[in-house]
Amino acid sequence: MPNFASPADTATHGEYTIKRTPGDTRPIYRFTGRISNDGSTPYPAVADRYHVYSGWFCPWAQRVTLVIELAGLSDTVSVSYVDGKRDARGWAFRETHGPDPVNGFTLLREAYDLTEPDFDGHVSVPTLWDRETNKVISNDFATIDADLASQYDVAANGGVELYPADLRAQIDELETWLRADVNSTAHTAIGEGPVAAEAARTLQAAFVKLGHRLRDSRFLLGDEVTLADVRLFVTLVRYDASAARAGAPRLAEFGELWRYARDLYAIDAFTKTTDFSSFGGDKSVVADWQSSVGVAR
């Protein structure tokens, strides 16, 4: 029988919080191990060793699952999904998305406690698990996607080269800007009050700038999808669903950006890894994203 956690129950267990000892300066994203193909880290880029604990709802986790699909790693790195609801126990495995296929855990926290007893950082997705050492390697979303995109033989797997050496500096530069003005701002921009208003101005200015960039370019860095597109898409699709609910400006008001986002969504890997229901997108929002646009492949 598969092991499942009991339903999320904040009345019984309380709300999720990150436990911190006063004066502890360690980062809450505690694990930062790196996969390598040159022996520079303890974690070689080999098949069937690593597992990603993901969440359909999470944009940072979708960055990783998108890379796995686009880079042709779906038979190399396995993936499973936590339930979209949590209480003080953190993310859990329930019937919604199935059991933990690697360790049989009911709570993702068990993986963290096994790695660091009485773990007091952030129990998050994506989490990269190492079957050989039976430990969490990384919950640093900023590097998991880049390592998976660059350390495996993507060509041999029939995948897309998402982080090519000649474009890495540009991809990293875009990440710095996009994380500040789009990825970390979009959620706040949907709210109310002066902070939300300022975030909305920042976000919409970024959307205009992106639209200008995309006038003569199918994707952010030319005619091929890169990691920069992966990182932007996961925020755009969630922002549009939130904007539809809140009455905020939707992507359709930003012509080139909307064309670009739907062009990405038409690619099988983007469609396959996007679950609108996990972040509040209703049928009308889904229909908008499925409308004919650009040149899909």
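Me: What is the N to O distance where the side chains of R201 and E198 meet in a salt bridge?
Reply: This is a predicted model in which local features need pLDDT of at least 70 and side-chain atom pairs count only at pLDDT 80 or more, while totals for chains, interfaces and linings use all residues. Residues are numbered from 1 along each chain as its sequence is written, and side-chain values use heavy atoms, with hydrogens and water left out. A salt bridge here is a side-chain nitrogen of Lys or Arg within 4 Å of a carboxyl oxygen of Asp or Glu. For R201 and E198, the N to O distance is 2.7 Å.

Me: Which helix holds both R201 and E198?
Reply: Helices (DSSP runs of H or I, at least four residues) and strands (runs of E, at least two) are numbered from the N terminus. R201 and E198 are 3 residues apart, about one turn of the helix. The helix that holds them both spans residues 194–214 and is called α7.

Me: Is R201 buried or exposed?
Reply: Let's set the cut-offs: buried means under 20% relative accessible area, exposed over 50%, and partly exposed in between (1.4 Å probe, protein chains only). E198 has 42%, so that partner is partly exposed. R201 has a relative accessible area of 52%, so R201 counts as exposed.

Me: How many salt bridges does the structure hold?
Reply: You have already met the pair R201 and E198. R89 with D87 is another salt bridge, with the closest N and O atoms 2.9 Å apart, and both of these residues are buried. In total, the number of salt bridges is 21.

Me: How many residues apart in sequence are the parts that R30 and E116 tie together?
Reply: R30 forms a salt bridge with E116, and their closest N and O atoms are 2.8 Å apart. R30 sits in the loop between α1 (10–13) and β1 (35–36), whereas E116 sits in the loop between α3 (109–115) and β5 (127–130). The pair therefore ties together parts whose separation in sequence, in residues, is 86.

Me: Which residues are linked with R30 and E116 in a network of salt bridges?
Reply: Both R30 and E116 are buried. They belong to a network of salt bridges whose other members are D24, R26 and D120.

Me: What is the omega of the peptide bond from V125 to P126?
Reply: Most peptide bonds are trans. The bond from V125 to P126 is cis, and P126 lies in the loop between α3 and β5. Its omega is near 5°.

Me: Which residue in the loop between α3 and β5 has a phi near 55°?
Reply: Most residues other than glycine have a negative phi. The residue you want has a positive phi although it is not a glycine. With a relative accessible area of 69%, D118 is exposed. So the residue with a phi near 55°, found in the loop between α3 and β5, is D118.

Me: What is the phi of D48?
Reply: D48 is placed in the loop between β2 (43–44) and β3 (50–54). At 54% relative accessibility, D48 counts as exposed. D48 is not a glycine, yet its phi is positive, at about 65°.

Me: How far apart in space are L178 and A206, C-alpha to C-alpha?
Reply: L178 belongs to helix α5 (residues 168–183). L178 has a relative accessible area of 0%, so L178 is buried. Although L178 and A206 are 28 residues apart in sequence, their C-alpha to C-alpha distance is 8.2 Å.
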